[in-house]
Amino acid sequence: MDFQLLDNLRQANPVVLNISNFVTVQDVANGLSALGASPIMSEEIAETEDMIQISQAVQLNFGAFTKEQVAHIQKMGQLANQYHLPVVIDPVAVSSVAYRHRIIPQLLQEFHADIIRGNTGEIAALGGFEWQAKGIDSGEGQGNRVAIAQKTAQKYHCVVIMSGAIDIITDGKAVTKVHNGNSLLQVHVGSGDMLSSISAAFAAISSQNLYEAAQMATLVMGLSGELAANAQPNIGPGTFTACLLDKLAQIQVSDLTQSAKFEIEAV
Amino acid sequence: MDFQLLDNLRQANPVVLNISNFVTVQDVANGLSALGASPIMSEEIAETEDMIQISQAVQLNFGAFTKEQVAHIQKMGQLANQYHLPVVIDPVAVSSVAYRHRIIPQLLQEFHADIIRGNTGEIAALGGFEWQAKGIDSGEGQGNRVAIAQKTAQKYHCVVIMSGAIDIITDGKAVTKVHNGNSLLQVHVGSGDMLSSISAAFAAISSQNLYEAAQMATLVMGLSGELAANAQPNIGPGTFTACLLDKLAQIQVSDLTQSAKFEIEAV
Amino acid sequence: MDFQLLDNLRQANPVVLNISNFVTVQDVANGLSALGASPIMSEEIAETEDMIQISQAVQLNFGAFTKEQVAHIQKMGQLANQYHLPVVIDPVAVSSVAYRHRIIPQLLQEFHADIIRGNTGEIAALGGFEWQAKGIDSGEGQGNRVAIAQKTAQKYHCVVIMSGAIDIITDGKAVTKVHNGNSLLQVHVGSGDMLSSISAAFAAISSQNLYEAAQMATLVMGLSGELAANAQPNIGPGTFTACLLDKLAQIQVSDLTQSAKFEIEAV
């Protein structure tokens with residue numbers, strides 16, 4: 001894994017353009033800014049192309065999914081493809097809300113997503129696998145998570161980040177498992193959306209190797225969460241969120257060298 | 001009061017569907033998640049019925065009140081009635097903004113609200129009482145708060161939670177007064193909206209006794225606020241908000257047994 | 001500088017009506033509330049006049065800039081002028097997004113802005129000056145910041161607050177430079193928007209002297225940020241945000257007397 005990408009990101013300070021959902025948008029913007037990227041958010045389709053032209057990567061979150069937002073997501077995805085910017089998507093609740101299960105696969109035929117980031121249930125739903133889901137959470141179903149992630153990546157010709165107690169990153173063949181993390185990341189509602197946008201930030205500075213970008217985003221987020229959870233004894237989810245932003249700003253390559261826990265399965 | 005509902009809630013992890021206002025939505029989602037419920041938020045009317053089908057309770061916040069949102073609120077309220085899900089409403093600023101004073105009573109004829117949660121001014125305005133209000137705050141007018149809460153509950157055939165220095169819960173006859181709380185709950189803008197959504201979470205697991213659900217939601221929120229305010233010396237509203245989420249996650253039945261301060265007036 | 005305005009603000013508890021962007025709206029509301037003002041936010045044009053009638057100042061943020069919001073901004077600006085309420089605008093990204101560069105100057109012909117608050121790039125763009133900008137940040141271009149601020153204030157017949165490492169306040173002639181602040185204010189995404197709304201709160205209680213209102217808003221925000229950054233050793237941007245809200249609530253005239261660092265250049 002190329003730990004040096006963390007320093008590269010901070011040096012480049014890439015502009016990451018987001019369609020964010022209104023639940024977590026503040027966290028997403030602050031997470032990007034804390035890490036060392038420049039967030040920009042849009043709600044108006046008429047300014048999309050102007051924003052694409054000043055950005056280095058695009059993150060599309062399907063968490064608030066009005067018809068206007070779906071149209072906006074489609075246009076931004078297409079323009080990002082046209083301008084050769086990496087595109088990260090976060091298919092929120094595709095596994096649990098029937099409406100999204102109908103719309104999202106259609107939407108993904110209109111542009112190419114370079115990285116798909118979701119929980120096990122969401123990735124399984126996109127891949128066409130059965131998986132028990134509940135609400136917006138990933139569910140407790142059974143199945144081979146690695147195989148599901150790989151096949152979904154193959155289906156969409158992209159990199160998949162499957163979040164969970166162990167995070168799985170795959171380009172359809174090679175697989176990385178990241179063990180860093182903390183259960184408070186699941187309690188804090190914005191963690192997944194933050195990881196999606198951070199994946200776009202790494203993609204901006206590693207556009208030739210999106211698998212490495214996805215590896216690093218997942219590791220940096222997981223280890224930042226782990227360090228945040230240890231910042232105070234008996235920490236709760238509110239203080240954790242503040243500490244998570246602190247750690248995203250403070251984490252260094254040396255922390256990765258010292259504390260990263262991951263496995264890479266060669267193809 | 002049935003303190004055991006707190007453990008029941010955490011065991012059931014109910015899905016609470018929200019129409020939230022954009023000011024406080026992040027707090028509301030994180031408050032539900034911290035307490036042990038599963039939040040889901042919607043902005044698209046076309047996915048409402050699919051979301052109702054995976055939810056156990058509905059919370060409708062009138063804080064951001066576009067015409068699209070009003071239509072969405074109406075549909076979600078009607079579907080929740082049809083699917084027999086408990087409905088909590090939060091009539092933000094009905095007391096101070098003439099437009100809302102016109103629209104909200106009409107809206108409440110379109111579906112049945114099981115619990116109405118507001119400050120004194122808002123409850124008074126719905127009940128048809130005079131009460132001095134200022135901005136979105138509850139105002140300093142005079143009047144018998146208990147009588148106003150009771151008559152408003154009778155008018156709408158529902159449970160009323162009237163927030164204030166002392167919180168009042170009534171089903172139109174029986175009255176509970178909760179004394180736990182802290183003035184920082186008023187400074188933090190999302191506290192009331194959080195209580196409304198937490199009321200829906202308790203309603204989800206106590207749908208046969210919504211008065212008990214409302215009692216417990218108010219007590220848990222008030223005591224969590226009290227414990228949060230004591231978490232640090234000289235605490236301010238920003239640190240308080242983080243600690244409030246911590247306490248919502250950490251509060252136990254034993255804390256209620258030890259520190260709950262409330263009066264129940266038998267009918 | 002009239003430090004006493006801080007106590008006046010807390011005594012008056014002015015209602016500040018905002019069109020806020022969805023990225024930072026929660027911070028803006030909590031910042032106003034922490035300081036001692038009453039925030040009210042709107043998304044529905046039909047309730048604008050009713051809200052104007054209960055408010056003492058208006059803040060218009062151009063951060064999320066849908067066509068509906070632009071129409072709403074225009075109407076609220078015009079009504080505020082008609083009702084003689086002070087108007088503060090925040091021209092987010094006018095310097096970097098071509099679409100906004102086209103729309104915003106037209107919009108500012110439809111109503112009068114009393115205070116314009118932006119970073120160097122945004123103020124320069126409104127004034128018609130060349131300035132290098134990147135993303136939504138202020139850019140690193142060259143130029144005489146004081147002269148740009150003065151000429152922009154003259155062009156729009158208003159007070160300008162130009163945020164930066166040193167903040168500049170000018171009515172087109174007199175100039176104040178505020179040195180209090182901390183670099184974490186730039187990392188926290190909502191700081192600028194918060195300052196804009198706090199400027200409206202001070203304008204509400206100093207409507208006869210908006211230059212003094214702008215001075216005090218900038219100083220109070222800068223010193224609160226400085227005190228927040230010193231609240232903990234090795235503080236990061238997440239904990240800083242919580243502490244910033246704490247300090248906005250806790251800052252006193254005596255803190256200003258003791259720690260304010262500013263220069264006033266007589267005309």
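In this predicted model, helix α6 of chain B, residues 120-127, is mostly covered. Eight of its eight residues are buried, that is, each has under 20% relative accessible area. The buried set runs through B:Thr120, B:Gly121, B:Glu122 and B:Ile123, and then B:Ala124, B:Ala125, B:Leu126 and B:Gly127. A charged residue, B:Glu122, is thus listed beside nonpolar ones such as B:Ile123 and B:Leu126.

The cover comes from elements of chain B, among them both strands and helices. The strands include β4 (87-90), β5 (115-119) and β6 (159-163). The helices include α5 (98-107) and α7 (145-156).

Both ends of α6(B) show local detail. At the start, B:Asn119 directs a side-chain oxygen to the backbone nitrogen of B:Gly121, within 3.2 Å. After the helix comes B:Gly128. The phi of B:Gly128 is positive, near 90°.

The relation between chains was examined next, for chains C and A. Chain C superposes on chain A after a rotation of 120°, with 0.0 Å of shift along the axis. The RMSD is 0.0 Å. This is the relation of a three-fold axis. Within chain C, the residue that comes closest to the rotation axis is C:Phe22, with its C-alpha at 3.8 Å.

The two copies meet through different surfaces, because only 10% of the interface residues of chain C are also interface residues in chain A. On the side of chain C, 31 residues are in contact with 27 residues of chain A. The size of an interface is often given as the accessible area lost when the parts come together. For chain C and chain A, about 2300 Å² is buried between them. Carbon and sulfur atoms account for 55% of that area.

Polar and charged links also join the two chains. Three salt bridges are counted between chain C and chain A. One salt bridge pairs the side chains of C:Arg102 and A:Asp50, at 3.7 Å from N to O. Nine residue pairs are in polar contact, with both residues at pLDDT 80 or more.

Several helices of chain C build the side that touches chain A. At least two residues each come from α2 (25-35), α4 (67-82), α5 (98-107), α8 (184-187) and α11 (237-250). The largest share, four residues, is supplied by α5(C). By type, this side of chain C divides into 13 nonpolar, twelve polar and six charged residues.

Conventions
Residues numbered from 1 in each chain as written. Chains lettered and ligands numbered in written order. Predicted model: local features only at pLDDT ≥ 70, side-chain atom pairs only at ≥ 80, totals over all residues. Heavy atoms only, no water. Buried < 20%, exposed > 50% of the residue type's maximum accessible area, 1.4 Å probe, protein only. Contact = heavy atoms within 4.5 Å. Polar contact = N/O pair within 3.5 Å; in protein donor to acceptor, adjacent residues only side chain to side chain. Least-squares fit on C-alpha atoms with pLDDT ≥ 70 in both. Buried area = accessible area lost by both parts, 1.4 Å probe. Salt bridge = Lys/Arg side-chain N within 4 Å of Asp/Glu carboxyl O.
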